[in-house]
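New to this one? Take a look at the model first, and then we'll walk through it bit by bit.

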Amino acid sequence: MKIDLTETTSSKINAALVQARRDIGTPAVGMVLTLVIVTDEENAYDALKSANDASHEHPSRIIVVIKRGSRSPRSRRDARLDAEVRVGADAGSGETVVLRLHGELVNHADSVVLPLLLPDAPVVVWWPEGAPSDLAGNPLGALGQRRIADTYACEDPIGVLAGRAAAYAPGDTDLSWTRITPWRSMLAAALDQQAFQIVSAVVEGEDENPSCELLAMWLADRLKVPVRRTRSAGPGLTSVHLETKDGEIVLDRADGSLATLRMPGQPDRSVALKRRDTAELLAEELRRLDPDNIYASALKFGVAKLESARTQAAPTGAAPSAPASDSAAAEAEAVAEAVADTDTEAGAPAADAAGSASAAKGGKSAGKAAAPAKKASAKQ
């Protein structure tokens, strides 16, 4: 069922929701959270489709906030709220309210959204694109216990990571971080299987891919070894190499779907590591709404060094670099190198390295980071 409301108010929208539930015979509210999506008209359809798919796992009230630009000074002075209410089959497993804000109302979106939040339920705010640098400082972001951005959608993802680290608040997260959950799970499980003395690491992936940078920072933060970032043609993150005293541990995914895990003294293993769509990533983030301390630690650990190395590696007018394996010059243009604390030796005992990886189990990411390889395969 769809109900269109023109020049309406929040109270009329709430009344329409109650009436719509009665009309379809489900007056009870069985939703577990409110998901606020802040987007534009161009991206609203895709974002809403992903949210509806995720609602089959997390029944929720979805509020889509679309800020409509005004073309003339007169229209900018006029405040108007149009809404579309969807329940039943048109709204996934919950209910949906699409808000279109015009004129001065664009600057007061939080006042419109606040009366529509489910009482006594968590609030998650998601920016599919165009997220502010300070998520918690944004008026809409301040309404949420969890705030989700996607750095991959930014024009300068590496620069945005630096800003996110400076403005981080508990509850902030990033779908670029969620994308590497299976990689972290596989690597942590590999280190838990056998004691290895990790010396260094290399993360290879697409240029300007924030997931690659975040994985490199996570490894440097948890293993306390130098981690080098090199470039490849993709798709996405392609391989991770962990250098040990006994040989090299390699997790290689050349086709974006199936990966090969190579470990010293063991036969090669094929693991499913496909690239997931936005609905799957969003559903994962909604499973736990507590602060992600592992993400915060990784983000803050290497972002300053990352930005500095990027500035030196990419001078103005420089030609696009080739994969780092092709030449020493390409290695010189690597996006980032996260270096361990000076009082920690590079060759930390493998038991400490494995323990550091396993320490990721403390939060959402850690539970996934130290999951068995079979679980990661099923998830990806």
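Here's a quick tour, from the whole chain down to a couple of single residues.

Keep in mind that this is a predicted model. The chain has 380 residues, and 52% of them count as buried. It folds into 14 helices and 15 strands. Among contacts with a separation of 6 or more, 73% link residues that sit 24 or more positions apart.

**The nonpolar cores**

- In soluble globular proteins, nonpolar side chains tend to be buried together.
- The largest nonpolar core here has 41 residues, and the ones touching the most other members are Val203, Leu215, Leu219, Leu242 and Leu251.
- Plenty of elements chip in: at least two residues each come from the helices α5, α7 (181-193), α8 (210-223) and α10 (293-313), and from the strands β9 (198-205), β11 (237-244), β12 (247-252) and β13 (258-262).
- Helix α8 is the top contributor to this core, giving nine residues.
- For a feel of how one core member is surrounded, try Leu219: setting aside neighbours within four places in sequence, Leu219 is in contact with Leu187, Ala201, Val203, Lys224, Val227, Val240 and Leu242.
- There's also a second, separate core of 31 residues, and its members include Val36, Val65, Val113 and Leu116.

**Helix α5 and its partner α8**

- Helix α5 covers residues 157-166, and its buried residues are Pro157, Ile158, Leu161, Arg164 and Ala165.
- Looking down the axis of α5, those buried residues fall within an arc of 110°, so they line one face of the helix.
- Two packed helices are described by the angle between their axes and the distance between the axes.
- For α5 and α8, the axes come within 9 Å and cross at roughly 50°, which means that α5 is oblique to α8.
- The α5 and α8 crossing is right-handed.
- On the α5 side, Pro157, Ile158 and Leu161 make the contact, while α8 brings Pro210, Glu213, Leu214 and Met217.

**Helices α2 and α9**

- Another pair to find is α2 (residues 41-54) and α9 (residues 278-285), with axes that come within 8 Å and cross at roughly 55°.
- That makes α2 and α9 oblique to each other, and α2 passes α9 in a right-handed crossing.
- Where do they meet? Ser50, Ala51, Asp53 and Ala54 in α2 meet Thr278, Ala279, Leu282 and Ala283 in α9.

**Two residues to zoom in on**

- Ala149 lies in strand β7 (residues 146-149).
- Is Ala149 buried or exposed? Ala149 has a relative accessible area of 0%, so it counts as buried.
- Ala149 and Asp174 are 25 residues apart in sequence, yet their C-alpha atoms are 4.8 Å apart in space.
- Not counting residues up to four places away in sequence, Ala149 touches Trp127, Ala131, Leu135, Arg164, Thr173, Asp174 and Leu175. Arg164 is one of the buried residues of α5.
- Thr260 is found in strand β13 and is partly exposed, with a relative accessible area of 25%.
- Thr260 and Val250 are 10 residues apart along the chain, and 7.7 Å separates their C-alpha atoms.
- Again not counting residues up to four places away in sequence, Thr260 touches Val250, Leu251, Asp252, Asp268 and Arg269. You've already met Leu251 among the core residues that touch the most other members.

How values were computed. Residues numbered from 1 in each chain as written. Predicted model: local features only at pLDDT ≥ 70, side-chain atom pairs only at ≥ 80, totals over all residues. Heavy atoms only, no water. Buried < 20%, exposed > 50% of the residue type's maximum accessible area, 1.4 Å probe, protein only. Helix = DSSP H or I, 4+ residues; strand = E, 2+ residues; numbered from the N terminus. Arc of directions from axis to C-beta. Core = buried A, V, L, I, M, F, W, Y, C linked by side-chain atoms within 4.5 Å. Contact = heavy atoms within 4.5 Å. Axes fitted to C-alpha atoms, helices over the stretch in contact; angles between N-to-C directions. Parallel < 35°, antiparallel > 145°, perpendicular 65-115°, else oblique. Left-handed = near helix turned anticlockwise from the far one by under 90°.
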